[in-house]
Amino acid sequence: MPAPTPIPEELRDLFDEPALGHVSYLNRKGQIVTFPMWVDLDGDRILTSSPVGSRKGKSLRERDHVAVSIVSTKNPWHWVSVSGRVIDIQPDEDLAFIDRMSRKYVGSDYQRRTPREIFTIAIDRVSPSRSWGSR
């Protein structure tokens, strides 16, 4: 497996903000589906999660290609768009990941205490905002 493409250093701060990731994938009919989701960066991989048994999870198991875009909550011209593949799916033990994401996005632990799974996305391509909006 090739090494993941890194997110440029000047865009990694997007993952510190409570900026939603727009995660797109293909459903069973071959249609592009996009959901706003909580996302995190783990080294050069993107993490997100979904309830166990969700349509998203089923689709990502069948078709692992995804795209994720994130736009800063502070500057709409500070963004990143990536494409990649789901390379790992793990249970969210004790809901530790979703609790961490919930604290980042809403300030408290996640309220729905049902089993979830974490999707690890290896990045194949990065489209950075670069100097857009700096005029």
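**A sheet, a helix and a cavity**

Student: In what order do the strands of the open sheet come?
Tutor: The open sheet has seven strands with antiparallel pairing. A heads-up: this is a predicted model, where local features need pLDDT of at least 70, side-chain atom pairs count only at pLDDT 80 or more, and totals for chains, interfaces and linings use all residues. Residues are numbered from 1 along each chain as its sequence is written, while side-chain values use heavy atoms and leave out hydrogens and water. The strand order is 2-1-5-6-7-4-3.

Student: Which strands stand at the edges?
Tutor: Strands are DSSP runs numbered from the N terminus (E, at least two residues; helices are H or I, at least four), and two strands pair if DSSP finds at least two bridges between them. An edge strand has a single partner strand, so one side of it is left without a neighbour in the sheet. That is how it goes for strand 2 (32-37) and strand 3 (40-42).

Student: How big is the average twist from one strand to the next?
Tutor: Angles run from 0 to 180 degrees between N-to-C directions, with axes fitted to C-alpha atoms (for helices, over the stretch in contact). From one strand to the next, the twist averages 35°.

Student: How many bridges join strand 6 to strand 7?
Tutor: Let's walk along the antiparallel pairs. Strand 1 (residues 21-26) and strand 2 share six bridges, with Leu-26 partnered by Ile-32. Strand 5 and strand 6 are joined by seven, and there Val-71 stands opposite Trp-79. Between strand 6 and strand 7, where Ile-89 has Phe-119 as its bridge partner, the number of bridges is eleven.

Student: Which residues of helix 1 are buried?
Tutor: Buried means under 20% relative accessible area (1.4 Å probe, protein chains only). The buried residues of helix 1 pack against strand 1, strand 2, strand 4, strand 5, strand 6 and strand 7, where contact means heavy atoms within 4.5 Å. They are Lys-56, Gly-57, Ser-59 and Leu-60.

Student: Why do they end up on the same side of helix 1?
Tutor: An α-helix has 3.6 residues a turn, so residues three or four places apart point the same way. For the buried residues of helix 1, we look at the directions from the helix axis to the C-beta atoms. They sit on the same side because the arc they cover is only 165°.

Student: Which residues line the largest cavity?
Tutor: A cavity is a set of points on a 1 Å grid over the protein atoms alone where a 1.4 Å probe fits but cannot get out, and lining residues have an atom within 4 Å of a point. The volume, that of probe spheres set on the points, is about 30 Å³ for the largest cavity. Strand 1, strand 4 and helix 1 each supply at least two lining residues. The full lining is Val-23, Tyr-25, Met-37, Thr-48, Ser-50, Lys-56, Leu-60 and Phe-119.

Student: Is Ile-98 buried or exposed?
Tutor: You'll find Ile-98 in helix 2 (residues 96-106). Beyond its neighbours within four places in sequence, Ile-98 is in contact with Trp-38, Ser-49, Asp-92, Tyr-110 and Arg-116. With a relative accessible area of 2%, Ile-98 is buried.

Student: How many Å separate the C-alpha atoms of Pro-8 and Pro-128?
Tutor: Pro-8 lies in the segment before strand 1 and counts as buried, at 17% relative accessibility. Along the chain, Pro-8 and Pro-128 are 120 residues apart. The separation of their C-alpha atoms is 7.6 Å.

How values were computed
Buried means under 20% relative accessible area, exposed over 50%, partly exposed in between (1.4 Å probe, protein chains only). On a 1 Å grid over the protein atoms alone, a cavity is a set of points where a 1.4 Å probe fits but cannot get out, and a pocket is an open set with protein on both sides within 12 Å along at least five of seven lines; lining residues have an atom within 4 Å of a point.
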